[in-house]
Amino acid sequence: MTGTRGAQPGTYVTEHAPCWGDPDFAVADNRWKNGKDLVAICEPVLYVCSGCPYRAACIRQVRPAKSAFDGVCGGRVWLNGVIVSALPDADPSELPPPVIRKACGTAAGSRAHRRAVEQQCPDCEPFYTPAANPLGEADDDTQQLELPCVA
Ligand SMILES: [Zn+2]
């Protein structure tokens, strides 16, 4: 992001969060070139979100998915509005409530929730699969899908 968060209306909640005003959370574009740079800046400060009571409010306010946010918000590291790293206790309930779409109740509906980085609706929940890491470090995931058939 371009660091204009403070100029937006309605920023009263996160002003009280421990991260408020820290340049490592809303990272200036000129400090990083790719996702790995960004994660290298953000992951060391992500612990500050641990136990923070403002995580859901932070995500509601910054709307990282819609604003294509880069940096730390609500216990997660975002790259272009996509989650690339998250605290172990990051909970889906902290994400915005689901928008109900025609595709709900199908795998496509579940993917739509995932793309919007919102909660899964109850109909889509059974179809949810985690996204591959956009930074291309998802090798472990593919291996998990190909479980060997050991007799
Ligand atoms: Zn749904």
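The following exchange walks through a predicted model of one protein chain with a zinc ion.

Biologist: How many helices and strands does the chain have, and in what order do the elements run from the N terminus?
Modeller: The secondary structure comes to five helices and three strands. Read from the N terminus, the order is α-α-α-β-β-β-α-α.

Biologist: What share of the residues in the chain is buried?
Modeller: Buried here means under 20% relative accessible area. The chain has 151 residues, and the buried share of them is 36%.

Biologist: Which residues are the protein donors of the zinc ion?
Modeller: The donor atoms lie 2.0 to 2.3 Å from the zinc ion. Three are SG atoms of cysteines and one is the NE2 of a histidine. The donors are Cys104, His113, Cys121 and Cys124.

Biologist: What geometry does the site of the zinc ion have?
Modeller: Ideal angles for four tetrahedral donors are 109.5 degrees. The angles among the four donor atoms here are 105 to 117 degrees. To count as tetrahedral, all angles must lie between 85 and 135 degrees. The site is tetrahedral.

Biologist: How are the donor residues of the zinc ion spaced in sequence, and how far apart are the parts that Cys104 and Cys124 tie together?
Modeller: The spacing is C-x8-H-x7-C-x2-C. Cys104 lies in the loop between strand 3 (82–86) and helix 4 (107–115), and Cys124 in the loop between helix 4 and helix 5 (139–145), so the pair ties together parts that lie apart in sequence by 20 residues.

Biologist: Is Cys104 buried or exposed?
Modeller: The cut-off for buried is under 20% relative accessible area. Cys104 has 16% relative accessibility, so Cys104 counts as buried. Cys124 is likewise buried.

Biologist: How many disulfides does the structure hold, and which cysteine sulfur is nearest to that of Cys52?
Modeller: A disulfide needs two cysteine sulfur atoms within 2.5 Å. The structure holds zero disulfides. Cys52 is in none, and its nearest cysteine sulfur is 6.2 Å away. That sulfur belongs to Cys49.

Biologist: What is the relative accessibility of Cys52?
Modeller: Cys52 counts as buried. Its value is 15%.

Biologist: In which sense do strand 1 and strand 2 pair, and which residue of strand 2 stands opposite Cys73?
Modeller: Strand 1 covers residues 71–73 and pairs with strand 2 over three bridges. The sense is antiparallel. The residue opposite Cys73 is Arg76.

Biologist: How many bridges join strand 2 to strand 3, and what is the bridge partner of Val77?
Modeller: Strand 2 and strand 3 run antiparallel, with four bridges between them. In strand 3, the partner of Val77 is Ser85.

Biologist: Which residues in the two hairpin turns have a positive phi?
Modeller: Strand 1 and strand 2 form a hairpin with two residues between them, and a turn residue there has phi of about 60 degrees. Strand 2 and strand 3 also form a hairpin with two residues between them, where the turn phi is about 55 degrees. The residues are Gly74 and Asn80.

Biologist: Which residues of strand 2 are buried on each face?
Modeller: In a regular strand the side chains alternate between the two faces of the sheet. Strand 2 (residues 76–79) is covered on both faces. One side has Arg76 and Trp78, and the other has Val77 and Leu79.

Biologist: Which residues touch the most other members of the largest nonpolar core?
Modeller: This core has 19 residues. Helix 1 and strand 2 each supply at least two of them, and helix 1 gives the most, with four. The residues with the most touches are Val72 and Val77.

Biologist: Which residues does Val72 touch, beyond those up to four places away in sequence?
Modeller: One of them is Val77 in strand 2. The full set is Asp24, Phe25, Cys42, Val45, Leu46, Cys49, Val77 and Trp78.

Biologist: Where does Arg63 lie, and what is its phi?
Modeller: Most residues other than glycine have a negative phi. Arg63 lies in the loop between helix 2 and helix 3 (64–67). Its phi is positive, near 45 degrees.

Biologist: Where is Ala68, and what is its phi?
Modeller: Ala68 sits in the loop between helix 3 and strand 1. At 30% relative accessibility, Ala68 counts as partly exposed. Although Ala68 is not a glycine, its phi is positive, at about 50 degrees.

Technical notes:
Residues are numbered from 1 along each chain as its sequence is written. This is a predicted model: local features need pLDDT of at least 70, side-chain atom pairs count only at pLDDT 80 or more; totals for chains, interfaces and linings use all residues. Side-chain values use heavy atoms; hydrogens and water are left out. Donors are N, O and S atoms within 2.8 Å of the metal (3.2 Å for Na, K and Ca); water is not among the atoms, so sites may look incomplete. Four donors count as tetrahedral if all angles lie between 85 and 135 degrees; four count as square planar and six as octahedral if opposite donors are over 155 degrees apart and all others between 65 and 115; anything else is irregular. Buried means under 20% relative accessible area, exposed over 50%, partly exposed in between (1.4 Å probe, protein chains only). Two strands pair if DSSP finds at least two bridges between them. A nonpolar core is a set of buried Ala, Val, Leu, Ile, Met, Phe, Trp, Tyr and Cys residues joined through side-chain atoms within 4.5 Å. Contact means heavy atoms within 4.5 Å.
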